[in-house]
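Trainee: I am new to this structure and would like a close look at one part. Please walk me through the sheets, and follow them to whatever they lead to.

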Amino acid sequence: MIKQLLSKRNVYFDHNATTHIAAPVRSVMNRVLKSYWGNPSSGYAKGKMSAQIIEKAREQVAAAIGAHSHEVYFASCATESNNAILKTVSNHFSPEKNKVISTPIEHPSVMNTLEYMKTQGIDVQYCPVDKSGRVVLEEMEAMIDDKTSLVCCMLANNEIGTIQDVKKIAAMARAKGALVFSDCVQALGKIPIDVKDLDVDYATFSAHKLYGPKGIGAWYARISCPLEPYIHGGHQEEGMRAGTESIHNIAGFGEACKHVNKLVTFSRQNESLKHTFIKELKGIKNDIIINSPEEHCLTNTINLTFPGIGSGEMMKMLDYHGIAVSAGSACSTSSNKPSHVLKAIGLTDEAAQESIRISFGSTTKSKHIKYTLKVIKQYIEEEKNKN
Ligand code: PLP
């Protein structure tokens with residue numbers, strides 16, 4: 001029965017991994033690919049036209065995050081941007097201020113960079129999070145001292161959706177003379193962002209999480225905050241990120257940012273779909289555990305544990321029925337290790353390996369939810385009958 005229902009179904013519930021490229025973004029990129037291929041560093045008209053495309057996109061990204069355009073730098077992705085900020089800022093203050101404080105639930109592009117920094121003599125410490133994934137603020141405050149150069153805390157978690165009180169964390173850091181960096185990759189396009197209001201010194205973003213192209217990211221650095229080149233070479237990006245710019249990707253990022261308010265509205269609409277989904281799911285299998293917090297959570301993200309059913313098995317079954325979901329971060333899917341995020345919020349290895357992440361997007365409709373619930377219900381019933 002499900003096979004018939006489904007044969008043509010294509011349900012994408014992995015928007016935290018990546019998103020499709022929106023039609024207006026594709027069209028801007030096509031135009032740029034066709035007509036703006038001059039090197040932006042060339043002094044003649046063809047080069048200057050390309051440079052203008054980049055500056056327009058920079059303004060669009062800046063407008064989406066509440067920054068000035070000269071505080072926005074383009075890089076190949078958010079992973080590169082995270083590496084650039086963490087390594088160069090910690091290096092700038094080392095050895096006098098040698099401590100960096102972060103959280104145990106950061107994306108691998110931050111976690112693995114921090115672990116590398118430890119091998120280079122940086123004193124990296126992780127502040128615990130509670131069961132909902134929120135930073136324990138009192139502990140964070142106690143950990144920040146005058147040796148702390150940087151406090152690094154993501155705004156929204158990619159696996160469970162927890163939104164941190166970055167503004168409060170920034171105030172704590174500032175009171176002790178430390179700078180603040182927030183990976184805002186999962187937040188842009190899902191919740192409103194204003195880097196000035198958050199009061200962070202550095203923040204990072206990635207176009208492919210908001211219906212833009214892959215291979216382009218950006219960082220924000222508040223004017224007058226230390227910034228040093230990470231990739232050395234030419235004078236591009238004020239000498240902070242050498243390499244001829246990917247003009248079409250940058251233009252696509254700019255166009256995607258033009259639509260952030262609309263995306264945030266779509267995200268709000270996801271909230272009722274999320275509630276329906278969770279309620280119905282609990283009706284199907286009452287021991288399902290929802291790992292995403294009820295409050296301070298992205299409206300598109302649901303992380304859940306199906307006790308007794310491995311995440312690999314569940315993902316395979318859903319994939320067979322045309323439904324794409326994931327187990328944790330796309331960057332660590334192949335590792336087969338239990339998620340560090342789920343472990344940090346208290347799950348056992350076993351429970352972490354029975355958990356999947358569902359992330360809705362701008363095209364998610366109630367028919368996708370109904371269909372998925374039907375597939376899960378049938379699977380659970382079949383499994384019950386087997387035992
Ligand atoms: N930070 C977070 C929170 C993410 O979710 C991701 C991507 O999954 C990244 C950073 C890395 O982004 P990119 O794919 O642009 O390197």
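Mentor: Happy to. Two strands count as paired if DSSP finds at least two bridges between them, and the strands (E, at least two residues) and helices (H or I, at least four residues) are DSSP runs numbered from the N terminus. This is a predicted model, in which local features need pLDDT of at least 70 and side-chain atom pairs count only at pLDDT 80 or more, while totals for chains, interfaces and linings use all residues. Residues are numbered from 1 along each chain as its sequence is written, and side-chain values use heavy atoms, leaving out hydrogens and water.

Let us begin with the sheet of 3 strands. This sheet is open, its order is 9-10-12, and its pairing is antiparallel. Strand 9 (289–290) and strand 12 (355–359) are at the edges with a single partner strand each, so one side of each has no neighbour in the sheet. Between strand 9 and strand 10 (residues 301–305) there are 2 bridges, in the antiparallel sense; look for Ile289, whose bridge partner in strand 10 is Thr305. Helix 10 (residues 260–284) lies across strand 9, strand 10 and strand 12, at about 15 degrees to strand 10. For such angles, axes are lines fitted to C-alpha atoms, for helices over the stretch in contact, and the angle between N-to-C directions runs from 0 to 180 degrees.

Now turn to the sheet of 7 strands. This one is also open, with mixed pairing and the order 2-8-7-6-5-3-4. Strand 2 (72–75) and strand 4 (123–126) are its edge strands, each pairing on one side only. From one strand to the next, the twist averages 20 degrees. Strand 5 (residues 148–152) and strand 6 (residues 179–183) run parallel and are joined by 3 bridges, and Leu150 has Leu179 in strand 6 as its bridge partner.

Two helices belong in this picture. Helix 5 (residues 108–119) packs on the sheet and touches strand 3, strand 4, strand 5 and strand 6, its direction making about 140 degrees with that of strand 4; contact here means heavy atoms within 4.5 Å. Helix 4 lies across strands that include strand 2, strand 3 (99–102), strand 7 (202–206) and strand 8 (217–221), running at about 165 degrees to strand 7.

Two loops are worth a stop. Pro95 sits in the loop between helix 4 and strand 3, and the peptide bond from Ser94 to Pro95 is cis, with omega near 5 degrees. Tyr211 lies in the loop between strand 7 and strand 8; its phi is near 70 degrees, a positive value in a residue other than glycine.

Helix 4 also leads us to the ligand. Helix 4 (residues 78–93) gives the largest share of the shell around the ligand, 3 residues. In total 14 residues surround the ligand, and the closest are Thr79, Asp183, Gln186, Ser206 and Lys209; a residue is near a molecule if one of its heavy atoms lies within 4 Å of it. Ligand oxygen atoms lie 2.6 Å from an N or O atom in the side chain of Thr79 and 2.5 Å from one in the side chain of Lys209, where a polar contact is a pair of N or O atoms within 3.5 Å.

Terms used. Polar contact = N/O pair within 3.5 Å; in protein donor to acceptor, adjacent residues only side chain to side chain.
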